[in-house]
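Trainee: Got a minute? I'd like to walk through this structure with you.
Mentor: Sure, pull it up and ask away.

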Amino acid sequence: MTKWDSKILSELVDAIKHNKCYVFIGTGLSRVVGYRSWKGFKNKLAEIYYDSYTISEDAKRDMKDNLEKGNDDLGCLRLIYNASNREFYKRLTDMFKEKQNPNFTQTHIDLLKIGFHGVITTNYEFCIEDASKTLNNELQPHLGDIGVYLNSANKVVYHIHGAISNPTSCVVTSENYQQKYNKIFKSQLKDFLTNNVILYLGYSFKDIQLVEILHQKAFGDPKQRGMVNHFTLLPYYDGKVPITQSEIYYEDYGIRVQYYNAKVLNEKDDFNDNGEEHSELDVLIKELLPAVEKLGVSINEKEESLNRGGYEK
C-alpha cells in the first residue's frame, strides 16, 4: 500500500492550513464515475462525424490515425466542428446525457471535507458540485473571469474550460483554446499559479497552453522561481516505480510528485479506455483529512476564515 512522502504531506498540509492551496481536477476523477476520458471523448465525436457526413475513406482513416496518435487532435476537432456547425454542441451535450448516476464518489466528498481554498477543473461536468450537496454546502459552477473566481473561491467551482450547462463555453477545438488563452487570461493564470499552491488530481498535463504557463512560472522571473511548490499524485503500474527522468520533468516545473500504485485491468471500453484501477489514490486523499485536522485546522475553522475573505495566520 502506498504511503505519503512525509515531506510532501507536511508541505501540502501546511499550505491547506494557511488557505493557500487549491485543488485542480482533471478527467481522471470523472472517469471513475463513467465519464469518457479525453481520448474517448474526441473519438466518440469523430465516430459521429464519420457516420453523419459524406467524407472519403482516406479522410476518415487519416483523422482516425491522427486522433489515435494525438497528432493535432484539436485541429481534428475543429474539422468536426466546422462540418457539423450547430449540431456540434447538441452532440456534445448528448454525450454527457449518456452518463447515469451516481455522479460522484466518496473521494469527491473527501476532497471537499479537506477544505481546500478553492476548486478548479478542466472538466465540463459537475461531479464536485453534486458532491457538495451532500455536505449542505452547495457549490456553484463558475465559467467566467479568473479574478471573479478568486473573490468567491469558497462558493464556486471554476470550470476553466467551460461547462456542459453552457455548451458553447466548452473549450474543445484549437480555435477555442486560442480564444480562451488570450494574453490577459494567460497573465492572470500565471500570477495565480505563481502565488498559490496547487494540488493536481487526475490531470495529465497534456494541455500545451497550461504547460507553457507553468514553464514561464518555472523559468521566467528569477525572483519568482521556487516561491511555491505545486503537487500532483501520479500512478505507477504493477509495482514498477517510474523512471527518474519523469520525476525530473515535473520538478523542473516546480511540481512535487507523490506516486501511488495503480493496476492495469483487462477491461477496456470507450469510457475508460486505459482500463485502470486507482483505489490507492482514494486512500491517499482520505488520509489527507486527519493530517490536516491533526494540525488543528477543523472544517468549520476553514469555512469561517474563507467567509471572512482572509488568511489564517
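**Salt bridges, helices and rings**

Mentor: Let's start with Lys-186. Its relative accessible area is 25%, so Lys-186 is partly exposed. Keep in mind that this is a predicted model.

Trainee: Okay. Which side chain does Lys-186 meet in a salt bridge?

Mentor: Glu-212. The N to O distance is 3.9 Å. Lys-186 sits in helix α11 (residues 183–195) and Glu-212 in helix α12 (residues 208–219), so the pair ties together parts that are 26 residues apart in sequence.

Trainee: And is Glu-212 buried or partly exposed?

Mentor: Partly exposed, at 36% relative accessibility.

Trainee: How many salt bridges does the structure hold?

Mentor: There are 5. Another one joins Glu-11 and Arg-256, with the closest N and O atoms 3.2 Å apart. Glu-11 belongs to helix α1 and Arg-256 to strand β7 (residues 255–264), so this pair links parts that are 245 residues apart in sequence.

Trainee: Where do those two stand on burial?

Mentor: They fall in separate classes. Glu-11 has a relative accessible area of 26%, so Glu-11 is partly exposed. Arg-256 has 16%, so Arg-256 is buried. The cut-off for buried is under 20%.

Trainee: Got it. What about Lys-133, which residue does its side chain bridge to?

Mentor: Asp-130, at 3.5 Å from N to O. Lys-133 is partly exposed, with 45% relative accessibility.

Trainee: Now Glu-129. What is the nearest side chain of opposite charge to Glu-129, and how far away is it?

Mentor: Lys-133, at 8.7 Å. Glu-129 is buried, yet has no salt bridge. A salt bridge needs the nitrogen and oxygen within 4 Å, so 8.7 Å does not qualify.

Trainee: Where is Glu-129 found?

Mentor: In helix α8, residues 127–132. Set aside neighbours within four places in sequence, and Glu-129 is in contact with Leu-139, Gln-140, Pro-141, Val-157 and His-159.

Trainee: Switching topic. Why is helix α7 described as largely enclosed?

Mentor: Because 7 of the 9 residues of α7 (residues 106–114) are buried, the rest of the structure largely encloses the helix. The buried ones are Thr-107, His-108, Ile-109, Asp-110, Leu-111, Leu-112 and Ile-114.

Trainee: What do the buried residues of α7 pack against?

Mentor: Several elements. The helices are α1 (6–17), α2 (28–31), α8 and α14 (279–294). The strands are β1 (21–25) and β5 (197–201).

Trainee: And what follows α7?

Mentor: Gly-115. Its phi is positive, near 90 degrees.

Trainee: Let's do another helix. Where is Arg-91, and is Arg-91 buried or exposed?

Mentor: Arg-91 is in helix α6, residues 87–97. Its relative accessible area is 17%, so Arg-91 is buried. Look at Lys-44 as well. Arg-91 and Lys-44 are 47 residues apart along the chain, and their C-alpha atoms are separated by 9.9 Å.

Trainee: Rings next. How many aromatic pairs are there?

Mentor: The count comes to 13 aromatic pairs. Take Tyr-200 and Tyr-203. Their ring centres are 6.1 Å apart and their planes are at 25 degrees, so the pair is stacked. Both tyrosines, Tyr-200 and Tyr-203, are buried.

Trainee: Which residues form a cluster with them?

Mentor: Phe-24, Phe-205 and Tyr-250 join Tyr-200 and Tyr-203 in one aromatic cluster.

Trainee: How many disulfides does a search of the whole structure find?

Mentor: It finds 0. Check two cysteines while you're there. Cys-21 is at 0% relative accessibility, so Cys-21 counts as buried. Cys-170 has 1%, so Cys-170 is buried too.

Trainee: Last bit, the overall picture. How many helices and strands?

Mentor: The protein has 15 helices and 8 strands. Of its 313 residues, 49% count as buried.

Trainee: How much area does the protein expose?

Mentor: About 15800 Å². Carbon and sulfur atoms supply 49% of that area.

Trainee: And what share of the contacts joins residues at least 24 apart?

Mentor: 73%, among contacts between residues at least 6 apart in sequence. The bridge between Glu-11 and Arg-256 is a good place to look again.

Terms used
Residues numbered from 1 in each chain as written. Predicted model: local features only at pLDDT ≥ 70, side-chain atom pairs only at ≥ 80, totals over all residues. Heavy atoms only, no water. Helix = DSSP H or I, 4+ residues; strand = E, 2+ residues; numbered from the N terminus. Buried < 20%, exposed > 50% of the residue type's maximum accessible area, 1.4 Å probe, protein only. Lys, Arg positive; Asp, Glu negative; His and termini not counted. Contact = heavy atoms within 4.5 Å. Areas by Shrake-Rupley, 256 points an atom, 1.4 Å probe, with all protein chains shown as cover. Disulfide = S-S within 2.5 Å. Phe/Tyr/Trp six-rings, centres within 6.5 Å; stacked < 30°, edge-to-face > 60°.
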